[in-house]
Amino acid sequence: MLRQIWIVSALNFRSLKSRFWQSMVIVVGLAATVGVMLSMLSVSTGMRQAYYASGDPNRAIVVTKGVEQEPQSSITRAQAPLIAVAPGIAKDKDGKPLADRALMTSVPLLRKDGSKGFTTMRGLSEKGLGVRPEIKIAAGRMFQAGRRELIAGVGAQMMFRHMQIGDKVILPDGEWPIVGIYKTGDQLEGQLLGDTETLVTALHKPVYTTMLVRLASPASLDTFKKALTVNPALSVDVVRHSDWYKRVGDQNTFALALLGYVVGTVMAIGALFGCLNTMYSAVSNRGREIATLRALGYGAFPVAVSVILEAMLLSITGALIGAAIAWALYDGKLDLFGNVVFHLSVSPAQIELGVIWAAAVAMVGGLFPSIRAAKRPVVEALRAV
Amino acid sequence: MRYLPLIWSAVMRKPARTILTLLSVTVAFTLFGLMIGLNATFDEIAARARADRIFTNARFGGNGMPIAVAHQIAAIPGVKVVTAVSGIAGYVQDPKNQVFVAMVDSNLPKVFGDWGISQDLWDVVQKDRTGIVMSESQATRWHKKIGDTFTMVSKQMKRADGSSAWTFKVLAIGPDFQQNSNGYIFGNYDYIDKARPLADQGKIGEADLLANDPATSTELAARIDHAFANSATPLVTITEKLARAGNDFGGLDIKKITRGIALAGMFMVLFLTGNGIAESVRERFAEFATLKTIGFSSRAVTMLVVLEAALPCILGAALGVGIAAFLAGKIPALMPPGFGIPLPTMSPMVMLWAAISAFTVALLSAALPILRLTQMDIASALSGRT
């Protein structure tokens with residue numbers, strides 16, 4: 001049986017050259033479908049990756065009970081020390097807990113094209129670098145505590161105007177100079193960093209946004225969480241940092257991803273009709289060939305399978321071409337959505353999805369023509385020629 | 001007209017091919033309609049945006065602007081009327097059901113009269129401090145009718161007693177407007193202001209105003225920013241016209257994306273129709289030779305092929321745009337609430353572009369077969385030697 005499938009399929013593939021343009025309908029159809037879908041998904045995938053990369057299972061974030069996003073949270077100055085002394089937090093060399101009082105505000109900036117955008121300015125307290133060791137200075141120097149100065153992420157530098165060392169950023173109490181550029185490899189790269197306490201003064205807002213702590217070990221989350229939830233002075237949620245960003249990332253990219261899948265599905269339906277058309281006419285053009293094979297003793301099943309295999313080969317070729325175009329155009333490109341700076345991504349997982357999409361189209365688009373090919377009476381087909 | 005039977009028989013020669021081609025073209029034009037229709041909506045929003053309406057926000061932070069700022073702005077020369085806006089963001093019953101209520105003062109209809117909030121409507125809402133007006137879409141979403149109570153929870157906006165539940169009375173239901181598929185809920189600013197803890201009272205999130213002269217409104221916006229540059233609350237002020245001018249969608253160039261998708265769909269269809277017509281002409285080569293023999297001119301034969309190619313394209317385009325128009329109306333029900341993308345509009349421009357694209361696809365698909373037909377040697381074609 002397998003041998004028969006192999007022989008019939010090989011025969012089909014050898015004759016593909018004579019049906020070149022006809023076959024191209026399937027290839028182009030799937031290339032367009034998968035190319036468009038992966039280009040659209042490159043935004044949501046890249047953005048989700050940037051969020052995921054920002055989380056760390058070794059950290060826990062403390063937010064106001066019930067909030068979904070960081071900026072909605074607020075931790076009072078009275079609550080902050082209570083959180084910092086809770087058990088389960090890793091200690092620095094000086095014996096102090098690695099807890100960062102974070103403050104966030106959104107800062108209006110001009111995008112490179114001159115349109116109005118905004119990014120997040122984040123306050124980092126004295127243990128901030130201990131909690132977030134991924135922050136590396138790429139140029140210039142670190143900001144100094146107590147001084148009205150800030151550092152900008154490499155992503156922010158690429159997406160916004162006036163982001164060079166020495167440029168000034170307008171903040172509530174005047175202009176702060178940029179003294180350095182930092183890298184993190186995650187979503188933080190699109191933001192600005194300064195000293196928390198100085199930012200508190202500047203914002204005239206005596207509260208922090210969240211607390212981020214480094215856990216003594218990934219397992220000490222429960223200890224930490226328990227200590228905070230039983231404390232009646234606090235009304236907070238404690239979430240493992242990686243889980244937090246996984247949820248926020250999924251939530252913030254859901255609509256974009258959905259849009260990509262919807263467009264991908266609609267185009268796949270269009271490509272499916274093209275595939276059906278091509279395979280039906282391929283089967284009818286090769287009626288004599290197929291009938292001859294059947295007369296020679298080849299079964300109906302191998303003939304049917306060979307038709308589906310041909311549709312698969314063409315579809316998957318198309319999908320790979322589409323994926324290659326999407327990858328060449330967008331993968332790794334820096335982009336901005338809302339205030340999130342991230343790299344567009346056409347990942348192997350996305351390409352795999354495109355191939356599965358194409359295989360599904362080929363399956364349906366090849367099935368009906370294959371049934372017709374297999375069912376056609378041999379004598380009638382031979383006589384028709 | 002007399003060619004019609006000829007074209008019909010050509011098209012129906014292989015009905016399966018014709019129907020599949022038509023279906024594929026229809027799907028591509030459905031996508032085309034939705035994408036280019038979305039652009040049309042953005043254009044319409046930009047066109048309807050008023051040059052004399054100006055939005056002022058605190059440069060930093062949400063509900064952080066003293067209401068005095070609104071009064072001071074009202075006193076700036078060139079400002080006609082200012083309305084103070086605050087907002088409560090929260091949820092209904094479950095954090096998944098996000099909702100936003102804009103709390104506005106008595107000047108709302110003066111500044112936003114063209115958004116469906118008439119003076120009469122707003123008077124009704126203002127009779128009760130806890131009154132709100134919901135757009136039809138929001139009323140449907142929360143299953144509310146006039147006289148119902150609407151309760152939401154806001155973690156960000158606490159009441160003076162520490163509770164986070166806000167209760168409103170639905171006093172009116174207003175018309176939706178197309179630019180905002182999410183609809184709206186407006187309530188009285190007075191209500192949240194007096195209900196909040198003392199420290200939070202007198203704060204607003206936004207001041208929106210009308211300028212006396214649309215021509216100088218950009219300059220007025222700059223003047224407002226300048227006046228508050230060194231105050232405790234620096235502002236960002238922008239005219240509605242400028243705010244809606246870009247194809248801005250969170251920094252993504254939505255027009256480039258939608259056009260790209262529409263174009264990819266057309267490209268896909270071009271291969272399909274091109275191949276279909278080429279195949280059809282190849283199969284009937286001898287028939288065309290016969291037509292020429294009995295006196296059909298080259299032009300007539302060309303017309304036949306073009307029309308044969310155009311038929312599924314034009315029909316598919318019409319069907320596709322029709323389906324797109326139908327789907328556009330269904331989008332709010334199909335998409336998760338709060339999706340926030342405006343509805344595509346099937347404006348005359350969209351239909352024109354669809355027609356142009358359909359003709360272009362038809363002409364391009366017919367080009368190669370026509371070339372073959374004009375170079376045809378009738379004698380050898382008739383004998384089947386080509």
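How many bridges join strand β4 of chain B to strand β8 of chain B, and do the two run parallel or antiparallel? Keep that in mind while you get set up, and remember that this is a predicted model.

**Stop 1: strands in chain B**

Select residues 98-104 of chain B for β4, then residues 185-188 of chain B for β8. There are 3 bridges between them, and the strands run parallel. To see the pairing at one position, pick Val104(B), which stands opposite Asn188(B) in β8(B).

Keep β8(B) on screen and add residues 131-135 of chain B, which form strand β5. Here, too, you get 3 bridges to β8(B), but this pair runs antiparallel. For a spot to click on, try Ile132(B), with Gly187(B) of β8(B) opposite.

**Stop 2: where chain B touches chain A**

Now show both chains. The contact takes in 35 residues of chain B and 39 residues of chain A. On the chain B side, colour α2 (15-48) and α10 (254-283), the elements that give two or more residues to the contact with chain A. Colour that side by class and you'll find 20 nonpolar, 10 polar and 5 charged residues.

**Stop 3: α8 and α11 in chain A**

Hide chain B and select residues 241-285 of chain A (helix α8) along with residues 348-375 of chain A (helix α11). Their axes come within 8 Å and cross at roughly 30°. The cut-off for roughly parallel is under 35 degrees, so α8(A) counts as roughly parallel to α11(A). The crossing is right-handed.

Turn on side chains for the contact. From α8(A), the residues include Gly264(A), Ala268(A), Leu272(A), Met279(A) and Tyr280(A). Among those they meet in α11(A) are Trp357(A), Val361(A), Gly365(A), Phe368(A) and Arg372(A). The contact divides into 15 nonpolar, 3 polar and 1 charged residues.

**Stop 4: α1 and α10 in chain A**

Last, pick residues 2-15 of chain A for helix α1 and residues 300-330 of chain A for helix α10. What angle do these two pack at? It's about 50°, with the axes 9 Å apart. That angle makes α1(A) oblique to α10(A). The crossing of α1(A) past α10(A) is right-handed.

On the α1(A) side, show Gln4(A), Ile5(A), Val8(A), Ser9(A), Asn12(A) and Phe13(A). Facing them from α10(A) are residues including Pro302(A), Val305(A), Leu309(A), Glu310(A) and Leu313(A). Sorted by class, this contact has 8 nonpolar, 4 polar and 1 charged residues.

Key:
Residues numbered from 1 in each chain as written. Chains lettered and ligands numbered in written order. Predicted model: local features only at pLDDT ≥ 70, side-chain atom pairs only at ≥ 80, totals over all residues. Pairing = 2+ DSSP bridges. Helix = DSSP H or I, 4+ residues; strand = E, 2+ residues; numbered from the N terminus. Contact = placed C-beta atoms within 7 Å. Nonpolar A, V, L, I, M, F, W, Y, C, P; charged D, E, K, R; others polar. Axes fitted to C-alpha atoms, helices over the stretch in contact; angles between N-to-C directions. Parallel < 35°, antiparallel > 145°, perpendicular 65-115°, else oblique. Left-handed = near helix turned anticlockwise from the far one by under 90°.
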